[in-house]
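The following exercises are to be worked with the sequence and the coordinates side by side. Each task is followed by a solution in steps.

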Amino acid sequence: MTMSDILHIKTCPTCGSDKIKRVVRDVTRKYKGQAYIVPKVGFYDCPNCGEKVYDHEAMLKIRAYSPAYRKVELLVEA
Ligand SMILES: [Zn+2]
């Protein structure tokens with residue numbers, strides 16, 4: 001991994017497929033068994049093996065939404 005802000009991925013690092021592409025989706029993550037949703041995260045998704053590659057910006061956004069970093073209570077819809 002590099003520290004570059006923007007990743008330019010041409011092939012999947014896991015399976016080598018060139019079908020990997022950048023998508024923007026809501027991402028569901030879990031922290032201590034509690035799911036939380038990070039809206040509109042840009043990342044690379046490989047349709048071949050299911051690998052997901054998050055760039056630096058995406059990681060920062062995910063972290064910003066994480067209960068581990070936010071000291072506010074989250075309302076979780078069932
Ligand atoms: Zn792959």
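**Exercise 1. Classify the exposure of Lys32 and describe its backbone.**

Step 1. Lys32 has 6 C-beta neighbours inside 10 Å and therefore counts as exposed. The classes rest on C-beta atoms placed from the backbone: a residue is buried with 20 or more others within 10 Å, exposed with 12 or fewer, and partly exposed in between.

Step 2. The model is a predicted one, in which local features need pLDDT of at least 70 and side-chain atom pairs count only at pLDDT 80 or more, while totals for chains, interfaces and linings use all residues. Residue numbers start from 1 along each chain as its sequence is written.

Step 3. Lys32 is located in the loop between S1 and S2. Helices (H or I, at least four residues) and strands (E, at least two) are DSSP runs, numbered from the N terminus.

Step 4. Although Lys32 is not a glycine, its phi is positive, at about 50°. Most residues other than glycine have a negative phi. The hairpin of S1 and S2, to which Lys32 belongs, has two residues between the strands.

**Exercise 2. Which other residue, placed in strand S2, has a positive phi without being a glycine?**

Step 1. Lys40 is located in strand S2, and its phi is about 50°.

Step 2. Lys40 is exposed, because 9 other C-beta atoms lie within 10 Å.

**Exercise 3. Derive the order of the strands and identify the edges of the sheet.**

Step 1. The chain contains one helix and three strands, arranged along the sequence as β-β-β-α.

Step 2. The three strands make an open, antiparallel sheet in the order S1-S2-S3. Two strands pair if DSSP finds at least two bridges between them.

Step 3. S1 and S3 (52-54) are at the edges with a single partner strand each, so one side of each has no neighbour in the sheet. From one strand to the next, the twist averages 55°.

Step 4. S1 and S2 (residues 34-45) are joined antiparallel by ten bridges. Among the bridge partners in S2 are Val38 for Val27 and Val41 for Arg25.

Step 5. S1 (residues 21-31) lies largely in the open, because zero of its eleven residues are buried.

**Exercise 4. Place the helix against the sheet and examine Tyr65.**

Step 1. H1 lies across S1, S2 and S3 and runs at about 170° to S2. The axes are lines fitted to C-alpha atoms, for helices over the stretch in contact, and angles run from 0 to 180 degrees between N-to-C directions.

Step 2. Tyr65 belongs to H1 (residues 56-65) and is partly exposed, because it has 18 C-beta neighbours inside 10 Å.

Step 3. Beyond four places in sequence, Tyr65 touches Tyr36 and Val38; a contact requires C-beta atoms, placed from the backbone, within 7 Å. The C-alpha atoms of Tyr65 and Val38 are 6.2 Å apart, across 27 residues of sequence.

**Exercise 5. Which residues form the largest nonpolar core, and how confident is the prediction?**

Step 1. The core has six residues: Cys12, Ile20, Val41, Phe43, Tyr44 and Cys46. Such a core is a set of buried Ala, Val, Leu, Ile, Met, Phe, Trp, Tyr and Cys residues joined through C-beta atoms within 7 Å.

Step 2. Beyond four places in sequence, the contacts of Tyr44 include Ile9, Ile20 and Val53.

Step 3. Of the 78 residues in the chain, 9% are buried.

Step 4. The mean pLDDT (the predictor's confidence in each residue, from 0 to 100) is 85 for the chain, and 79% of the residues reach 70 or more.

Conventions
Two residues are in contact if their C-beta atoms, placed from the backbone, lie within 7 Å.
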